[in-house]
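Please look over the structure shown below and then read this short report, which goes through one helix, a sheet and the confidence of the model.

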Amino acid sequence: MQIEPISATEGRIVIAQVHEHLRQRILDGTMSPGSILSQVQLAKQFGVSRTPLREALRLLQEERLVVAEHNHRVRVADINLQELESLYASRIMLETLALALTVPRLTQDELDALAQALDEMAVANTRHDTDAWEQGNRRFHALLAAHAEERIRQTIQRSIDASERYRRIKLQTVPHAREVAEAEHAAILAACRERDLDAAVELLARHLARTALTVVTQVAPEYEPTAVRTALRLVTGKANSASLTERR
């Protein structure tokens, strides 16, 4: 794999640039799970010393996108279904709580901002711009938690960041995944406009669960995501969540 050197003032690349470049290559699949990352080769290709590269790799390790092995080798992390399940079960519980706190207090400006995020995602979809679509998706979910306490919002944001890899798997492997997600977002927004808290909460829970269950179906259909299904049942009060995605 060839990586073009990144230009920077006075020939130096900040850690954030290296981190973001590598992160995007992992998320878009250019660097596939299990790939060994040669620090020597990467430093040469980026045109940087080993110091900023090591720091960028450390940040990626904190995000669980790479794994440092005992022999100092670094490889792209494999898809971790237990992590996926934990992330989305937690997101279902916490984001629906945040939404329940937010819906009664949404202002017209905030409703308009939610609609604008959906419009931006639709435009990004027509341009096949996954990065822009992802930015709109993040903004939409953040706005749904706008009136939750700051620590709740921070925890939600970290979970959204950590689950980006799994969202991208869905977008890359499932036909019309963006269109389905946009329709689900539109339904959530409609419930928010109507101040229908119960409907908004259930729609959000099902939206999040669908992503997790779809990725499981794509990666390991034999895996049973009990935590996600349990979280969905607790939020919706319904026992059967199997209809969200086809199981092989």
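At the N-terminal end of helix α7, E149 acts as a cap, with a side-chain oxygen placed 2.8 Å from the backbone nitrogen of R151. This is a predicted model, and the helix in question runs over residues 150–162, where its 13 residues reach 18 Å from the first C-alpha to the last, close to the 18 Å expected at 1.5 Å a residue.

Within α7, the residues I152, I156, S159 and I160 are buried. Seen down the axis of α7, these buried residues fall within an arc of 100°, so they line one face of the helix. They pack against α4, α6 and α8, while the face turned away from the buried side carries the exposed residues R151 and R158.

The model also has an open sheet, in which three strands follow the order β1-β3-β2 with antiparallel pairing. Because β1 and β2 stand at the edges with a single partner strand each, one side of each is left without a neighbour in the sheet. Between β1 and β3 the antiparallel pairing extends over two bridges, and I36 stands opposite R75 in β3.

As for confidence, the chain averages a pLDDT of 89, and 90% of the residues score at least 70. Two stretches that fall below 50 are set out here.

| Stretch | pLDDT | Contacts in the model |
|---|---|---|
| residues 7–12 | under 50 | five, beyond four places in sequence |
| residues 239–243 | below 50 | five, beyond near neighbours in sequence |

Note on methods. Residues numbered from 1 in each chain as written. Predicted model: local features only at pLDDT ≥ 70, side-chain atom pairs only at ≥ 80, totals over all residues. Heavy atoms only, no water. Helix = DSSP H or I, 4+ residues; strand = E, 2+ residues; numbered from the N terminus. Expected span 1.5 Å × (residues − 1). Buried < 20%, exposed > 50% of the residue type's maximum accessible area, 1.4 Å probe, protein only. Arc of directions from axis to C-beta. Contact = heavy atoms within 4.5 Å. Polar contact = N/O pair within 3.5 Å; in protein donor to acceptor, adjacent residues only side chain to side chain. pLDDT = per-residue confidence, 0-100. Pairing = 2+ DSSP bridges.
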